[in-house]
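This briefing covers a sheet, its packing, the nonpolar cores and the surroundings of one lysine. The sequence and structure are shown first.

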Amino acid sequence: MNDIILFPYGGNTKEAISIIEDINNIEKKWNIIGFIDDNINLKDIEYNNYPVLGNKEILQSITSAKILAVPGSHNNYFNRDNVINSLNITKDRYAKIIHPSVNIGTNVIIGYNTLIMPGVVITANNIIGNHCIILPNTVISHDSTIEDYTMIGSNVSISGSVKVKKQSYIGSGSKLIQNITIEEKTLIGLGSVVIRSTEKGDVVAGNPARLLKKIY
């Protein structure tokens, strides 16, 4: 079994624990040591008997453990790269956690430090980058690319030949038409129907999705 530490203490890592436990029910693969978090007030708090060990400095003394770093929400998705890179670890230390129910097609590439939750379908010839999160029951159709640091909500439908560029956030229940590009650091609001490409830093929502504001 491989030791694993989860960062930070929050919703994504709590959900990751359930996924890891489901993996271990099939094959004993992961030994969860606990969480780390930069908030010192969380030290020694427990979730499901797994403690918050302290801050990221602990990684320098527990060098054999793999790390799953899955910070981020719609409030701070555009800063995920800085938060994850602040751990200052090499890429070989990152884990990749995929729920056993995920359906993965042929010629699919999935990067490191990526968390894929139950019921996701990734069809043929897709690329999922590093440091991504995909929530339950999302479908990513053929020949699409999801770049690094991107977060995709639950029940999202991404049609064929879509490119989602790095550090974007696709809100739950959204639908993306085929052959469009979601540019870097785009936020797509809950339940949106996206029928055209976005520009960097766009915040879009609605059916059809329209520009609400820009963050860059």
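The points below are grouped by topic.

The model is predicted. It contains an open sheet of 3 strands with parallel pairing, and its largest nonpolar core has 27 residues. Lysine 214 is partly exposed, at 39% relative accessibility.

**Sheet and packing helix**

- The strand order in the open sheet is 2-1-5.
- Strand 2 (30-35) and strand 5 (66-69) are the edge strands, each pairing on one side only.
- On average, neighbouring strands of this sheet are turned by 30 degrees against each other, with direction ignored.
- Strand 1, residues 2-7, pairs with strand 5 in the parallel sense over 4 bridges.
- Within this pairing, isoleucine 67 in strand 5 stands opposite isoleucine 5.
- Helix 1 (residues 11-26) packs on the sheet and touches strand 1, strand 2 and strand 5.
- The direction of helix 1 makes about 165 degrees with that of strand 2.
- As a general point, strands of a sheet pair through backbone hydrogen bonds, either parallel or antiparallel.

**Nonpolar cores**

- In the largest nonpolar core, the residues with the most contacts inside it are Ile4, Leu68, Ile97 and Leu115.
- Strand 1, helix 1 and strand 2 each supply at least two residues of this core.
- Helix 1 gives the largest share of this core, 5 residues.
- Beyond its neighbours within four places in sequence, isoleucine 4 is in contact with Ile20, Trp30, Asn31, Ile32, Ile33, Gly34, Lys66, Leu68, Ala95 and Ile97.
- Another core, of 24 residues, lies apart from the largest one; Val120, Ile122, Ile134 and Val204 are among its members.

**Lysine 214**

- Lysine 214 is found in strand 24, which spans residues 209-214.
- Lysine 214 counts as partly exposed because its relative accessibility is 39%, and this class lies between the buried limit of 20% and the exposed limit of 50%.
- Leaving aside neighbours within four places in sequence, the contacts of lysine 214 are Glu199, Lys200, Gly201 and Asp202.
- With aspartate 202, lysine 214 makes a side chain to side chain polar contact at 2.6 Å.
- A polar atom of the lysine 214 side chain also lies 3.1 Å from the backbone oxygen of lysine 200.
- Glycine 171 is 43 residues from lysine 214 along the chain, and their C-alpha atoms are separated by 16 Å.

Note on methods. Residues are numbered from 1 along each chain as its sequence is written. This is a predicted model: local features need pLDDT of at least 70, side-chain atom pairs count only at pLDDT 80 or more; totals for chains, interfaces and linings use all residues. Side-chain values use heavy atoms; hydrogens and water are left out. Buried means under 20% relative accessible area, exposed over 50%, partly exposed in between (1.4 Å probe, protein chains only). Contact means heavy atoms within 4.5 Å. A polar contact is a pair of N or O atoms within 3.5 Å; within protein, one must be able to donate a hydrogen and the other to accept it, and residues adjacent in sequence count only if both atoms are side-chain atoms. Two strands pair if DSSP finds at least two bridges between them. Axes are lines fitted to C-alpha atoms, for helices over the stretch in contact, and angles run from 0 to 180 degrees between N-to-C directions. A nonpolar core is a set of buried Ala, Val, Leu, Ile, Met, Phe, Trp, Tyr and Cys residues joined through side-chain atoms within 4.5 Å.
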